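Biologist: Could you take me through this model and tell me what stands behind each term you use?

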Amino acid sequence: MKTSTTTEPPEATRLRDACVDQLKADEVIVSPAVETVMRRVPRHAFALHASLGDAYSPYAAVITKTGENGVQLSSVSAPQIQAMMLEQAQLKRGDRVLEIGSGGLNAAYLAELVGEEANVTTVDIDPEVTDRARRLLDAHGYTGIRVVTADAAEPIPELGEVDVILVTVGAWDIPPVWIDQLGPAGRLVVPLRMRGLTRSVAFQRVIDAHGGHLESTTSLVCGFVPMQGSDQHDETQILVNGTPEIALRFDDGAPADPHLLDNAVRTPRVERWTGVTVALGEPFSGLQMHLAIDLPGFCVMSVDPQLDTGLVSPRHKGFSPAAVDGDTFAYVTTRRTPDEQRAEFGVHALGPNADTFADSVVSSVRAWDREHRGAPDPHIRVYPAGTPDDAVFGDRVIEKRHSRISLSWPPA
Ligand SMILES: C[S@@+](CC[C@H](N)C(=O)[O-])C[C@H]1O[C@@H](n2cnc3c(N)ncnc32)[C@H](O)[C@@H]1O
């Protein structure tokens, strides 16, 4: 039925197998079903214009569309991201699936996994993307997959109830229609942005006294192009000192006055070290999530390398957890320990209250180390906006337009 991979260049087969082998070794692919489909479907045929090497690079997306301001709008997601989300979705034969964000490739994987092309609908807001997806799917024999052009934050025409919704675009909120379209035991896998940090969260639908909510089963670090359309949510950017050298990006709760930090860099930088260390290469995404929830003015700092005058010196110029308190800001950085074996977290603060604010960010890092380090990721629940406080379980609640998202940390 499908295009045979026996007629493809031997190099494509070799690279695809190497890619899958790598993802198995890294424990991204864990199920035989996902392994089989990723070995079977010719990824390079859906990543037009990419070299075979780029198409099969395990951790790299192939960008297919970039907007006027350089923002990436569409891509064939990286094999690692596709495998990770397919594993999170736990698909079974016969499941009915809605994929949000098309490209063709992932829809082909979904059809192979559920065993029935007619059970798969893929939707994209961009007609150029759906045209290409339709063409590529047809060319490779997946004619039964339904491809729809629509804003997926709105009801999809003629879509009945589905068992799984797999969202392959970065969402800031959960539009109510996603929950309405899910069957009673439905699953939703979505790259969800919470306070500027994106996690691919697998949710299970749970019926409760107020109708229902979503409970997370897994949550993993990821990055995605942002959602467009009626549910688009743009971050707010504040420029420190009024110049583009240092930008602070707020997902919510940005200071109303964009010039609040214009004078912050006129006072000397305060530097504190926390004594909290991690082994080199040890992941610490839980610390970022802890800071995002614990610090009221949490934001993400980036430094333009072309304009960098050294006012700030984070370890990672593109992305550092940061926070603002009035006219003062601080960011978290790292330095190598004297034996070069570990990295220690530190806090740099600038502004009139730099001393006090640095201390409170240091306390937050130490609280993570004491209370949450080594614990599983926070449990995430999504309730409809308007759910009363006493029906919302969790340590902290993030308010969105359609939902109240609660997070709670299991004990370490
Ligand atoms: C990362 S790409 C999808 C990748 C694809 N699933 C694959 O096979 O690799 C994300 C897509 O989401 C689409 N998108 C953005 N906002 C959307 C919306 N509101 N409704 C539907 N699609 C949307 C973009 O046009 C883009 O093509």
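What follows is a talk about the two domains, the ligand and one loop residue.

Modeller: Happy to! This is a predicted model, so local features need pLDDT of at least 70 and side-chain atom pairs count only at pLDDT 80 or more, while totals for chains, interfaces and linings use all residues. Residues are numbered from 1 along each chain as its sequence is written, and side-chain values use heavy atoms, leaving out hydrogens and water.

Biologist: How do you know where domain 1 and domain 2 begin and end?

Modeller: The bounds come from an automatic or database domain assignment. That assignment gives domain 1 as 66-231 and domain 2 as 236-372. Their C-alpha centres lie 33 Å apart. Eight residues from domain 1 and 12 residues from domain 2 take part in the contact, where contact means heavy atoms within 4.5 Å.

Biologist: What makes up the area buried between domain 1 and domain 2?

Modeller: Buried area is the accessible area (1.4 Å probe) that two parts lose on being put together, summed over both. Here that comes to about 940 Å², with 52% of it on carbon and sulfur atoms. On the domain 1 side, R195, L197 and R199 supply 72% of the area buried against domain 2, more than any other three residues.

Biologist: Why is the pair R195 and D252 called a salt bridge?

Modeller: The term asks for a side-chain nitrogen of Lys or Arg within 4 Å of a carboxyl oxygen of Asp or Glu. In R195 and D252 the closest N and O atoms are 3.3 Å apart, so the pair meets the cut-off. Two salt bridges are counted between the domains.

Biologist: What makes D124 a polar contact of the ligand?

Modeller: A polar contact is a pair of N or O atoms within 3.5 Å; within protein, one must be able to donate a hydrogen and the other to accept it, and residues adjacent in sequence count only if both atoms are side-chain atoms. A polar side-chain atom of D124 lies 2.7 Å from a ligand oxygen atom, so the distance fits. Backbone N or O atoms fit too: one of S77 is 3.1 Å from a ligand oxygen atom, and one of Q228 is 2.8 Å from a ligand nitrogen atom.

Biologist: And which residues does F224 contact beyond its sequence neighbours?

Modeller: Leaving aside neighbours within four places in sequence, F224 contacts S77, I81, M85, T168, V169, G170 and P191. The C-alpha atoms of F224 and V169 are separated by 5.7 Å, though the two residues are 55 residues apart along the chain.
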